[in-house]
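Open the model in your viewer and keep the sequence panel beside it. The tour goes from one selection to the next.

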Amino acid sequence: MNPGDVLALVREKGAKVIDYRFVDLLGTWQHFSVPASELEADTFEEGLGFDGSSIRGWKTIDQSDMLLLPDPLTAWMDPFLAEPTLVLSCNVVDPITREDYSRDPRNVARRAEAYLQSTGLADIAYFGPEAEFFLFDDVVYESGPNFSHFQVDSREGGWNTGRDEGGNNLGYKVRAKGGYFPCPPTDQLQDVRTEMMLTMIDCGLKVEAQHHEVATGGQSEIDLRFAPLVKMADDLTLYKYIVKSVARKNGLAATFMPKPLYGDNGSGMHCHFSLWKNEKNLFFGDLYAGLSQEALWAIGGILRHAPALLALTNPTTNSYKRLVPGYEAPVNLAYSSANRSAAIRIPAYSPSEKAKRFEFRCPDPTANPYLAFAALMMAGLDGIQNKINPGNPMDKNIYDLPPEVLKEIPSTPASLAAALDALERDHDFLLRGDVFSKDLVEAWIDYKRGTEVEPLALRPHPYEFDLYFDV
């Protein structure tokens, strides 16, 4: 689709509003709207100005002018707004130099694709994320200098079996870890997930399946078909928008927070990854689990850089409340075929060349997909370029190994602070081809430490009152 096609689509759909969207440093959509009559073919070249100093982690007030350049390939009609609105995703550029802004996550992903092609190793990096989320009926939280509390509720929460629901408690609550795959009436969210799925399809996303996930309290998953790096990051951003909007339309609140409930599974975003060249899957071969040597080297690169990667793929303090043993969360930096206790799993569903890939199971859906996918690809490429040996596979349930064996297997960082320390030490592989800039890496670390890690560390936790108030 080119600018002329977008203008034709505006006329065809009767769009009255053009909504320009871009992602901030953390991966959250930002936007502003203009009348459709203001959109011209020149807009795609000349861009639209905005204040970059008000965007998290971006410009200072003395360098705030920036430009958005709409990408015509991203046009779609928003089904949730009252007036017909066409949406365009944008890249961010400097208004004076016209250079891509180095802290724009979409630009990072675009540079990653360009770097991949420049290496000659592959043409396309395909990603297939499995983003999980919770759907709650009620969400209350508040924090102050002398108080802190939260409470979430769900119509199907296992904690509500004894709740007085006005004489209308009909049971069929989901037990902890009992949400995979009960049919209705136990699964009370089938129709909502179906509405999400069909809305995604109407908006141009390719959906493979939807289902309830393991946890109680409305944990769900909708799977998108794999796509190239930038396209999948765009798609996942739209996916999250649709999930949240359909949930709200149905009186629910959707959250991609990894661990909103204690004592049950958290929400991950397992990422399937493969590299292709000349329409051939480079990860298909005759070595372990049907993988090629390049695939094994890519696994070696990801395992070597995993502690630093997690600062981008698991970028919140809450992420590390999911990455603990016993909840299907992969904390062991090993690889295996069809083994969900390893950080990297090679699916065994199909021997087909087209289906061959591996799955990095650590990430969660709070990740900025543009940065996370780019970083994963760069780690995999580093493995191939330097022929990094991933070691022997671990074809056992790692959680059942004796302590003396388990201690020999590297594990994920225990906190965001530790992951940021690892990224600070190990990020040269991200800088190749100017995919990531040192400025962006430093800005990410500074923002996360100053806005999330340190403020949380200073705050009393409600559970500390249970533990210590009467000592």
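What follows is a list of stops in a predicted model, each with a selection and a note on what is there.

**Stop 1: the main core**

Select Y239, L275, M377 and F436. These residues have the most contacts inside the largest nonpolar core, which has 125 residues. Now add residues 293-313, helix α6; this helix gives the most to the core, with 13 residues.

Keep L275 and show what surrounds it. Which residues is L275 in contact with, leaving aside its neighbours within four places in sequence? Part of the answer lies at L116, A122, I124 and A125, and another part at K280, N281, L282 and F283. M377, L381 and I384 complete the set. M377 thus appears twice at this stop, as a contact of L275 and as one of the residues with the most contacts inside the core.

A separate selection is needed for the second core. It has six residues, including A334, I398, L401 and I409.

**Stop 2: the second largest pocket**

Select E130, E221, D223, H272 and E359. Of the 40 residues that line the second largest pocket, these lie nearest its centre. The space in this pocket is about 790 Å³.

Which strand gives the most to the lining of the second largest pocket? Colour β7 (124-136): it supplies six residues. Then colour β10 (207-212), β11 (219-224) and β14 (269-277), each of which, like β7, supplies at least two residues of the lining. Colouring the lining by class gives 16 charged, 15 nonpolar and nine polar residues.

**Stop 3: helix α10**

Select residues 416-425 and look along the axis. Within α10, the residues L416, A419, L420, A422 and L423 are buried. They are on the same side of α10, because the arc they cover around the axis is only 155°. An α-helix has 3.6 residues a turn, so residues three or four places apart point the same way.

Next, show the partners of that buried side. The buried residues of α10 pack against α6, α7 (319-322), α11 (428-431) and α12 (438-458). Helix α6 is already familiar from the first stop, where it gives the most to the largest core.

**Stop 4: T255**

Select T255, which lies in strand β13 (residues 253-255). Is T255 buried or exposed? Its relative accessibility is 19%, and the cut-off for buried is under 20%, so T255 counts as buried. Not counting residues up to four places away in sequence, T255 touches F133, F134 and F136. Draw a distance from the C-alpha atom of T255 to that of P365: the two are separated by 9.5 Å, with their positions 110 residues apart along the chain.

**Stop 5: the loop between β9 and α4**

Select the loop between β9 (147-153) and α4 (190-202), in which F181 is found. The peptide bond from Y180 to F181 is cis, with omega near 0°. P185 is found in the loop as well, and the bond from P184 to P185 is cis with omega near 10°.

K177 also has its place in this loop. Its phi is near 60°, a positive value in a residue other than glycine. K177 counts as partly exposed, at 41% relative accessibility.

For another positive phi, go to R98, in the loop between β6 (85-93) and α3 (105-119). R98 is not a glycine, yet its phi is about 65°. Its relative accessible area is 39%, so R98 is partly exposed.

**Stop 6: two prolines in loops**

Select P390, in the loop between α8 (369-385) and α9 (403-406). P390 counts as buried at 18% relative accessibility. It touches L296, I299, G300, L303 and Y335, not counting residues up to four places away in sequence. From P390 to V246, the C-alpha distance is 42 Å, and the two are 144 residues apart in sequence.

Finish at P145, in the loop between β8 (138-144) and β9. With a relative accessible area of 86%, P145 is exposed. P460 is 315 residues from P145 in sequence, and their C-alpha atoms are 9.0 Å apart.

Key. Residues are numbered from 1 along each chain as its sequence is written. This is a predicted model: local features need pLDDT of at least 70, side-chain atom pairs count only at pLDDT 80 or more; totals for chains, interfaces and linings use all residues. Side-chain values use heavy atoms; hydrogens and water are left out. A nonpolar core is a set of buried Ala, Val, Leu, Ile, Met, Phe, Trp, Tyr and Cys residues joined through side-chain atoms within 4.5 Å. Buried means under 20% relative accessible area, exposed over 50%, partly exposed in between (1.4 Å probe, protein chains only). Helices (H or I, at least four residues) and strands (E, at least two) are DSSP runs, numbered from the N terminus. Contact means heavy atoms within 4.5 Å. On a 1 Å grid over the protein atoms alone, a cavity is a set of points where a 1.4 Å probe fits but cannot get out, and a pocket is an open set with protein on both sides within 12 Å along at least five of seven lines; lining residues have an atom within 4 Å of a point. Grid points are joined across faces, edges and corners, and a volume is the space filled by probe spheres set on the points. Ala, Val, Leu, Ile, Met, Phe, Trp, Tyr, Cys and Pro count as nonpolar, Asp, Glu, Lys and Arg as charged, and the others, Gly among them, as polar. The arc is that of the directions from the helix axis to the C-beta atoms.
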